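Got your viewer open and a cup of something warm beside you? Then let's take a walk through this protein, one selection at a time.

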Amino acid sequence: MEMTTLSFANMHQHGALFANMLKARHRTFIEEMHWELPQADGMEFDQYDTAQSRWVCVHDGDRVLAGVRLTPTTARCGVYSYMVRDAQRGLLESIPANLLDDPAPIADYIWDANRLFVAEGVETEIRHRVQLSLMGHMVRSARALGADILIGLLPIAIPRLGRRLGIDMRPAGPVMKIGGVAHRCFFVSMASEMH
């Protein structure tokens with residue numbers, strides 16, 4: 001099992017991994033969860049898959065097991081910034097605007113984490129290890145990018161995994177159903193040491 005953080009600057013060094021991650025997102029979010037998202041050639045993508053973002057992948061060679069996208073809260077691309085803020089601003093029809101208790105932050109040290117998934121078909125005996133690897137590498141990657149805090153609209157079960165790694169996750173808004181799955185915005189304050 002490998003962990004890679006992809007960017008527009010390094011994706012050419014990783015063969016088909018980026019395309020395979022978008023295909024795994026398609027299987028997860030469009031085929032399995034039936035979310036209505038942009039797609040082409042069996043890949044799911046949106047307006048936040050730009051050169052400003054990074055993609056954390058857990059993979060076995062070219063087979064993507066899990067992933068998450070990281071976007072700086074200072075990002076701008078046309079009218080868009082980052083997913084949580086744009087939802088709060090009413091720019092995203094599929095996400096309620098009341099997802100946060102306070103105004104969405106904009107700071108160099110805060111990054112948005114979204115599109116977190118574990119691919120369908122990941123074997124039961126390694127699924128937990130894949131989840132922990134994803135969370136751990138997400139935190140290490142975010143720190144390397146200068147983040148102290150992540151904000152994300154994540155499935156409500158995620159804090160249990162975070163606690164096992166020493167990651168503090170604080171609710172930042174109400175529980176809401178997104179595509180039939182209970183989600184909530186969390187602030188992820190990254191501990192100086194992970195377990």
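Before we click on anything, a word on names: helices and strands are DSSP runs, numbered from the N terminus, with at least four residues for a helix and at least two for a strand. Keep in mind, too, that this is a predicted model.

**Stop 1: a loop and a helix**

Select Leu-91, which you'll find in the loop between H2 and E6. Is Leu-91 buried or exposed, or partly exposed? Its relative accessibility is 33%, and since buried means under 20% and exposed means over 50%, Leu-91 counts as partly exposed. Now add Val-79 to your selection: the two are 12 residues apart in sequence, and their C-alpha atoms are 8.8 Å apart in space.

Next, pick Ala-87, which belongs to helix H2. Ala-87 has a relative accessibility of 1%, so it counts as buried. Draw a distance from the C-alpha of Ala-87 to that of Leu-100 and you should get 9.4 Å, with their positions 13 residues apart along the chain.

**Stop 2: the largest pocket**

Select Phe-29, Met-33, Trp-35, Leu-116 and His-183. Of the 36 residues that line the largest pocket, these five lie nearest its centre. Want to colour the elements around them? Those that give two or more residues to the lining are helix H1 (17–32), strand E6 (110–118), helix H3 (124–144), strand E7 (149–155), helix H4 (158–164) and strand E10 (181–189).

How many nonpolar, polar and charged residues does the lining have? There are 22 nonpolar, 6 polar and 8 charged ones. The volume of this pocket is about 840 Å³.

**Stop 3: Arg-115**

Stay with Phe-29 and bring in Arg-115. The charged end of Arg-115 sits over the Phe-29 ring, 5.6 Å from the ring's centre. Arg-115 is part of strand E6. With a relative accessibility of 8%, Arg-115 counts as buried, because the cut-off for that word is under 20%.

Check the backbone here as well. Most residues other than glycine have a negative phi. Arg-115 isn't a glycine, yet its phi is positive, near 55 degrees. Then select Gly-67: it is 48 residues from Arg-115 in sequence, but C-alpha to C-alpha they are 7.5 Å apart.

**Stop 4: another positive phi**

Which value does phi take at Asp-41? It is about 55 degrees, a positive phi in a residue that is not a glycine. Look for Asp-41 in the loop between strand E2 (39–40) and E3. At 70% relative accessible area, Asp-41 is exposed.

**Stop 5: aromatic rings**

Show the side chains of the aromatic residues. How many aromatic pairs does the structure hold? The count is 6. One to zoom in on is Tyr-48 with Tyr-80: this pair is edge-to-face, with 6.0 Å from centre to centre and 80 degrees between the planes. The pair links distant parts of the chain, 32 residues apart. Tyr-48 is in the loop between strand E3 (43–44) and strand E4 (54–60), while Tyr-80 is in the loop between strand E5 (63–72) and helix H2 (83–88).

Switch on a surface and look at the two tyrosines again. Tyr-48 is buried at a relative accessible area of 3%, whereas Tyr-80 is partly exposed at 26%.

For some more rings, select Phe-8, Phe-18 and Trp-55, which ring pairs link into a cluster.

**Stop 6: the cavity**

Go back to the tyrosines, and add the residues around them. Tyr-48 and Tyr-80 are among the residues that line the largest cavity, and so are Gln-47, Thr-50 and Arg-76. The space inside is about 50 Å³. By class, its lining has 4 nonpolar, 6 polar and 1 charged residues.

**Stop 7: the cysteines**

A disulfide is a covalent bond between the sulfur atoms of two cysteines. How many disulfides are counted here? The count comes to 0. Finish by selecting Cys-57, which is buried at 0% relative accessibility, and Cys-185, which is buried with a relative accessible area of 0%.

Technical notes
Residues are numbered from 1 along each chain as its sequence is written. Side-chain values use heavy atoms; hydrogens and water are left out. On a 1 Å grid over the protein atoms alone, a cavity is a set of points where a 1.4 Å probe fits but cannot get out, and a pocket is an open set with protein on both sides within 12 Å along at least five of seven lines; lining residues have an atom within 4 Å of a point. Grid points are joined across faces, edges and corners, and a volume is the space filled by probe spheres set on the points. Ala, Val, Leu, Ile, Met, Phe, Trp, Tyr, Cys and Pro count as nonpolar, Asp, Glu, Lys and Arg as charged, and the others, Gly among them, as polar. Rings of Phe, Tyr and Trp (its six-membered ring) pair if their centres lie within 6.5 Å; planes under 30 degrees apart count as stacked, over 60 as edge-to-face and the rest as tilted. Buried means under 20% relative accessible area, exposed over 50%, partly exposed in between (1.4 Å probe, protein chains only). A charge sits over a ring if NZ of Lys or CZ of Arg is within 6 Å of the ring centre and within 35 degrees of the ring normal. A disulfide is a pair of cysteine sulfur atoms within 2.5 Å.
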